[in-house]
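This report is meant for someone meeting the structure for the first time. It goes through burial, nonpolar cores, salt bridges and aromatic pairs in turn.

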Amino acid sequence: MPSVVKINVLTVPDEQREVLEKRFASRAGSVENSDGFEWFELLRPAEGTDQYLVYTRWRSEEDFQNWMATSMRGAHGGAPGAGAQGEGGERPKPAASASTLWSFEVVQQAAPKA
């Protein structure tokens with residue numbers, strides 16, 4: 001069974017970039033121990049777009065769905081890219097103004113030769 005890749009495309013206004021990156025940094029480690037988790041990257045746009053890419057790779061679709069149903073929904077209040085709870089339990093304004101989830105199956109891969 002091939003791994004699956006999920007890419008959350010987050011539209012982030014310039015003034016919210018630092019907020020988004022700090023929110024992800026504060027959650028560092030929250031996905032690494034999830035069953036079936038293989039890889040994470042937060043990709044900052046270098047030029048020509050206001051869209052960040054949140055890349056995760058999973059052993060299976062089921063593993064991703066299990067993570068969504070537990071850890072991510074708790075951390076994000078049910079919305080991808082929404083961010084963590086603020087002080088006093090209030091939910092801060094999302095850093096992203098839009099979010100789209102792309103799904104892929106890994107068909108081919110390569111790694112540097114040792």
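A residue is called buried when its relative accessible area is under 20%, exposed when that area is over 50%, and partly exposed in between. The model is a predicted one, and every value in this report is computed from it.

With that cut-off in hand, S34 is a convenient place to begin. Its relative accessibility is 16%, so S34 counts as buried, and S34 is found in the loop between α1 and β2. Leaving aside residues up to four places away in sequence, S34 touches W58 and W67, two residues that return below among the aromatic pairs.

**Nonpolar cores**

The largest nonpolar core has 8 residues, namely L10, V12, L20, F24, Y52, V54, A95 and A96. Helix α1 (17–26) and strand β3 (51–58) each supply at least two residues of this core. F24 touches L10, F40, L42 and V54, again not counting residues up to four places away in sequence. A second, separate core has 7 residues and includes V4, V31, F37 and W67. In soluble globular proteins, nonpolar side chains tend to be buried together.

**Salt bridges**

The model holds 7 salt bridges, and three of them are set out here with the distance between nitrogen and oxygen.

| Salt bridge | N to O distance |
|---|---|
| D35 and R59 | 3.0 Å |
| R57 and E38 | 2.9 Å |
| R59 and D63 | 2.8 Å |

What do D35, R59 and D63 form when they are taken together? D35, R59 and D63 are linked in a network of salt bridges. Within this network, the salt bridge between D35 and R59 links distant parts of the chain, with D35 in the loop between α1 and β2 (37–43) and R59 in the loop between β3 and α2 (61–76), 24 residues apart. The members of the network are not alike in their accessibility: D35 is exposed, with a relative accessible area of 56%, R59 counts as partly exposed at 38%, and D63 counts as buried at 7%.

The salt bridge between R57 and E38 ties together parts that are 19 residues apart in sequence, because R57 lies in strand β3 and E38 in strand β2. Here R57 is buried, with a relative accessible area of 17%, while E38 is partly exposed, with a relative accessible area of 32%.

**Aromatic pairs**

A pair of aromatic rings is described by the distance of the centres and the angle of the planes. The count for this model comes to 5 aromatic pairs. In one of these, the rings of F37 and W58 have their centres 5.5 Å apart and their planes at 75°, so the pair is edge-to-face. This pair links distant parts of the chain, since F37 belongs to strand β2 and W58 to strand β3, 21 residues apart, and both F37 and W58 are buried.

Another pair is that of F64 and W67, whose ring centres lie 6.2 Å apart with planes at 45°, so the pair is tilted. F64 and W67 are separated by about one helical turn, because the two are 3 residues apart in helix α2. Both F64 and W67 are buried. Finally, F37, W58, F64 and W67 form one aromatic cluster; W67 and F37 also belong to the second nonpolar core, and W58 and W67 are the residues that S34 touches beyond its neighbours in sequence.

Conventions
Residues numbered from 1 in each chain as written. Predicted model: local features only at pLDDT ≥ 70, side-chain atom pairs only at ≥ 80, totals over all residues. Heavy atoms only, no water. Core = buried A, V, L, I, M, F, W, Y, C linked by side-chain atoms within 4.5 Å. Buried < 20%, exposed > 50% of the residue type's maximum accessible area, 1.4 Å probe, protein only. Helix = DSSP H or I, 4+ residues; strand = E, 2+ residues; numbered from the N terminus. Contact = heavy atoms within 4.5 Å. Salt bridge = Lys/Arg side-chain N within 4 Å of Asp/Glu carboxyl O. Phe/Tyr/Trp six-rings, centres within 6.5 Å; stacked < 30°, edge-to-face > 60°.
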